[in-house]
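The following account leads the reader through one protein model, moving from its interior to its charged pairs and its cysteines. The structure is shown first.

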Amino acid sequence: MTRVLVPAGALGLGYDREALERGVANRPDIIAIDGGSTDSGPSYLGRGVSKYSRASTKVEWRELMQARAKAGVPLVIGTAGTCGADAAVDWLFDITREIALEEGMKVKVATLKSGQPKERVKAALGGGRLHALPAAPDICEAIVDDCTNIVALAGIEQVAAALATGADIVIAGRTTDTAIIAALPVVRGDHAGAAWHGAKVGECGALATTQPNSGVIQIDFDATGFTIEPMAADAAATPYTVSAHMLYENSDPFILHEPGGHLDVTRSDYEALDGRRVRVEGSKWVPGRYTVKLEGARVVGYQTVGLAVVRERRYVQHVREWAADIEAKVRDKIIARMGLAADTFNVEIRLIGMDATLGALENRRDVPVEVGILGILTCPTAEQAAEAGKILNPYLLHHPLTEDEPMPTFAFPFSPAEMQRGALYEFCLNHVMELDDPLSAFVLETHEVGHA
């Protein structure tokens, strides 16, 4: 039997401290936590930085390092620094080293880096070992060369290799959300289907319970299945909350693809053992071709944004026509005065409070009290984006609804009204790469940090 303690869905989101203490007291075999995902878009991978603050990360990571020391078991994090880029692994490693020195700890740290050299990816592309996933963008060597960061999602083999070094702490780059939980149970001979299924249920901590924000859960794996129990006093796992998690971030509620095969929960049985715990059996692991998913991000332009607020009722009632007229005039002026071709830049105005989220799909037509006017200008260079923002500025401040009325004045919430967002990134890889050796595309190193 293998007991895995999951403190939260991601480092930096917070968790119930008392629940963590209960989990540590239950003597887990490993503490595993996710470090991030692609949820917040391509910029973090593109820049190789964390979405979460360093201060918050350090506070929570310190507590988990202390919990690890108390429990005497490995602490593993996957997708370190939100994006899992090599620079993000180094970032968390530096934090780990600081904490070890401050706490008087001496720990062995394994770093597992998943960054991919462009030449490796291009070789896989040319050799027919790179395969597009559904809805993947077209890819060529030039696009690979444009990527600022490319990562491969590690599976259990790479995490298991890191644990096999005897490390107290494993800081892994991009991994599948499940790998850091499933690795030890599989290595120790627990049921493979249960290991992957329980890992999927537990990847987001207490999200699969009645108290999602409490964070901490305990999963026990054995030869036939797994049992999940939340550690927060008022939380409970139910067959509904546990089974429903297969729908979370997964297009198929029964099949989950991972490196080296897929999980099939078609015949899984969910049983409430009591008011808090759920037992699951019948999950199946189906081995297959060993592939790792690749994620890559590249710069596709630079952006400036401007913001104004419209409250005058007549303008609010006609704000869509007003915004469309501004878009057209600004677009024409950028072409005429900056000399940019129409297909090299973009002018967009989003109406906050009207349809900024859904655009043309919005089916509500209520007239709000005020509308936020968010202008977004995307150009090939940062200098051009800044110049385009200055062309938009007077329109957001003074543009009249019709030609025969006095010039209006709208509200800028700050000055200057336009802000440079810098580089705009896009995901440009959604492919899997075949590997003969699961460890061949990853770099594993060990480090002794801190002092006794």
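Ile228 offers a point of entry: beyond its neighbours within four places in sequence, this residue is in contact with Val201, Ile217, Gln218, Ile219, Ala237, Val242, Arg276, Arg277 and Val278. The model is a predicted one, and the contacts described here should be read accordingly. Ile228 also belongs to the largest nonpolar core, which has 39 residues, and together with Ile181 and Phe226 it touches the most other members. The elements that contribute two or more residues to this core are strands E1 (2-6), E2 (30-34), E8 (217-221), E9 (225-230) and E13 (278-281), along with helices H7 (156-164), H8 (179-187) and H9 (192-202). Helix H8 supplies the largest share, six residues. Apart from this core lies another, of 33 residues, which includes Val73, Met105, Ile169 and Ala235. As a general background, nonpolar side chains in soluble globular proteins tend to be buried together.

Helix H5 shows how burial is distributed around a single helix. Its residues Val121, Lys122 and Ala124 are buried. Viewed down the axis of H5, the buried residues fall within an arc of 160 degrees, so they line one face of the helix. The face turned away from that buried side carries the exposed residues Glu119 and Gly126. What do the buried residues of H5 pack against? Their partners are strand E5 (130-132), H6, strand E6 (147-152), E15 and E18. Just after H5, Gly128 adopts a positive phi of about 70 degrees.

One of the buried residues of H5 is charged. Lys122 has a relative accessible area of 10% and is therefore buried, the limit being 20%. Its salt-bridge partner is Asp145, with the closest N and O atoms 2.9 Å apart. Because Lys122 lies in helix H5 (residues 118-126) and Asp145 in helix H6 (residues 141-146), the pair ties together parts that are 23 residues apart in sequence. Asp145, in turn, is partly exposed, with a relative accessible area of 37%.

The structure holds 32 salt bridges in total. In general, side chains of opposite charge can pair when their charged atoms come close. Glu98 and Lys58 form another such bridge through their side chains, at 2.9 Å from N to O. This pair links distant parts of the chain, since Glu98 is in helix H4 (residues 86-103) and Lys58 is in helix H3 (residues 54-71), 40 residues apart. Lys58 counts as buried at 15% relative accessibility, whereas Glu98 counts as partly exposed at 28%. Both residues belong to a network of salt bridges that links Arg54, Lys58, Arg62, Glu98, Glu102 and Glu103.

A further salt bridge joins Arg289 and Glu434, whose closest N and O atoms are 3.5 Å apart. Arg289 lies in the loop between strand E14 (284-287) and strand E15 (291-310), and Glu434 lies in strand E18 (residues 418-434), so this pair ties together parts that are 145 residues apart in sequence. Arg289 is exposed, with a relative accessible area of 51%.

Asp168 presents another link between separate parts of the chain. Where does Asp168 have its place? The residue is in the loop between H7 and strand E7 (169-172), and at 23% relative accessibility it counts as partly exposed. Its C-alpha atom is separated by 4.7 Å from that of Pro74, although the two residues are 94 residues apart along the chain. Not counting residues up to four places away in sequence, Asp168 touches Arg68, Val73, Pro74, Leu75, Lys106, Val107 and Lys108. With Lys108 the approach involves the backbone: the nitrogen there lies 2.7 Å from a polar atom of the Asp168 side chain.

The cysteines remain to be considered. The structure holds zero disulfides. Cys83 is in no disulfide, and the nearest cysteine sulfur, that of Cys147, is 14 Å away. Cys83 counts as buried, at 5% relative accessibility. Cys140 is likewise in no disulfide, the nearest cysteine sulfur being that of Cys428 at 9.6 Å. Why are these cysteines left unpaired under the criterion used? A disulfide requires sulfur atoms within 2.5 Å, so a nearest sulfur at 14 Å for Cys83 or at 9.6 Å for Cys140 does not qualify. Cys140 counts as partly exposed, at 35% relative accessibility.

Notes. Residues numbered from 1 in each chain as written. Predicted model: local features only at pLDDT ≥ 70, side-chain atom pairs only at ≥ 80, totals over all residues. Heavy atoms only, no water. Salt bridge = Lys/Arg side-chain N within 4 Å of Asp/Glu carboxyl O. Helix = DSSP H or I, 4+ residues; strand = E, 2+ residues; numbered from the N terminus. Buried < 20%, exposed > 50% of the residue type's maximum accessible area, 1.4 Å probe, protein only. Core = buried A, V, L, I, M, F, W, Y, C linked by side-chain atoms within 4.5 Å. Contact = heavy atoms within 4.5 Å. Arc of directions from axis to C-beta. Polar contact = N/O pair within 3.5 Å; in protein donor to acceptor, adjacent residues only side chain to side chain.
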